[in-house]
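User: Could you take me on a close look at the enclosed empty space in this protein, and then put it in the context of the helices around it? I'd like one connected walk-through rather than a list.

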Amino acid sequence: MDHIIEFLQTNGGELLYKTYEHITISLIAVILGVAAAVPLGIVLTRMKKGAGTIIGIVNIIQTLPSLAILAFFIPLLGVGKVPAIVALFFYSVLPILRNTYTGIRGVNKNLLESGKGIGMTAAEQIRLVELPLAAPVIMAGIRTSTIYLIGWATLASFIGGGGLGDYIFIGLNLYQPEYILGGAVPVTILAIVIDYVLALTERKITPAGLQGMKEVS
């Protein structure tokens with residue numbers, strides 16, 4: 001315990017900065033993943049052929065070792081935060097893409113026909129009917145992706161990306177438990193807090209009728 005208190009006293013300011021770096025790397029990757037995967041998932045629901053193939057390709061990328069993905073981008077982008085964010089972006093896509101596709105496909109077709117009947121355009125149906133109804137499923141994918149990325153972002157330190165992984169690997173190399181805990185505990189807390197925030201966001205954007213159904217179930 002004394003070692004941990006001494007660690008916090010000595011590295012408190014740097015710990016806050018490393019936490020900021022970790023959040024930045026993770027959330028930028030997730031935001032990019034949402035920006036790419038949600039529109040792609042919607043497009044795939046309009047494809048009669050090829051959707052399964054594209055999702056399968058993305059699934060293959062997901063199965064590649066995270067260190068291999070990080071190393072792959074070093075010759076292309078060098079070291080630092082940029083290759084770390086790009087690598088994490090590729091890891092973020094699959095849960096969001098798969099859940100967007102599943103959620104949109106699961107929307108009741110009768111509701112879409114009703115939308116057409118009152119003169120809604122295709123874009124309006126997506127914005128006003130499909131996305132709100134699929135929101136719980138899509139948000140589940142975003143939450144899963146975000147939690148994964150907060151953990152995987154610890155590997156960014158291997159390529160100079162910073163974050164809390166720096167403390168974990170210093171602790172492992174020097175066998176100093178206070179450094180390991182100094183990185184691992186904040187990562188765990190971040191994952192819990194951000195998942196809670198996303199759960200509140202999901203509740204806010206989910207239509208009231210669907211919330212009632214979830215509570216009953």
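Analyst: Sure, and keep in mind throughout that this is a predicted model. Counting cavities of 30 Å³ or more gives just one. That cavity holds about 50 Å³ of space. As for the idea behind the search, rolling a probe the size of a water molecule over the atoms shows where empty space is left.

Who sits around the cavity? Its lining is made up of Ser66, Ile69, Leu70, Ala87, Leu88, Tyr91, Trp152, Leu155 and Ala156. Sorted by class, that comes to eight nonpolar residues, one polar and no charged ones. With Ser counted as polar, the polar member of the set is Ser66. Two helices, H3 (66-77) and H4, each put at least two residues into this lining.

So how do those two helices sit against each other? The axes of H3 and H4 come within 9 Å and cross at roughly 135°. An angle like that falls short of the cut-off of over 145 degrees for roughly antiparallel, so H3 and H4 count as oblique to each other. The hand of the crossing, as H3 passes H4, is right-handed.

For contrast, look at H7 (residues 165-174) and H8 (residues 177-205). Their axes come within 7 Å, with a crossing angle of roughly 155°. H7 and H8 are therefore roughly antiparallel to each other, and their crossing is left-handed.

Now for the open counterpart of the cavity. The largest pocket contains about 220 Å³ of space. Around it you'll find Thr45, Arg46, Ile104, Arg105, Lys109, Leu112, Glu113, Lys116, Ala122, Gln125 and Glu130. Helices H4 (81-105), H5 (109-117) and H6 (122-152) are the elements that give two or more residues to this lining. H5 gives the most, with four residues. H4 is thus a contributor here, and it also supplies at least two residues to the cavity lining. In chemistry, the pocket lining has six charged residues alongside three nonpolar and two polar ones, whereas the cavity lining has no charged residues.

It helps to lay the UniProt record over this. The unreviewed entry lists residues 23-44, 56-76, 82-101, 147-173 and 179-198 as "transmembrane region". Take the 56-76 stretch: its end C-alpha atoms lie 25 Å apart, and the span is 90% helix and 0% strand. The 147-173 stretch has its end C-alpha atoms 26 Å apart, but there the span is 56% helix, again with 0% strand. The same unreviewed entry annotates residues 19-198 as "domain: ABC transmembrane type-1". Across that span the end C-alpha atoms are 19 Å apart, and the make-up is 83% helix and 0% strand.

Stepping back to the whole protein, there are nine helices and zero strands. Read from the N terminus, the order of elements is therefore α-α-α-α-α-α-α-α-α. Along the principal axes, the C-alpha atoms fill a box of roughly 70 × 40 × 25 Å.

Note on methods
Residues numbered from 1 in each chain as written. Predicted model: local features only at pLDDT ≥ 70, side-chain atom pairs only at ≥ 80, totals over all residues. Heavy atoms only, no water. 1 Å grid on protein atoms, 1.4 Å probe; cavity = no way out; pocket = protein on both sides within 12 Å on 5 of 7 lines; lining within 4 Å. Points joined across faces, edges and corners; volume = space filled by probe spheres on them. UniProt positions renumbered as here; feature names shortened; annotations may be inferred. Axes fitted to C-alpha atoms, helices over the stretch in contact; angles between N-to-C directions. Parallel < 35°, antiparallel > 145°, perpendicular 65-115°, else oblique. Left-handed = near helix turned anticlockwise from the far one by under 90°.
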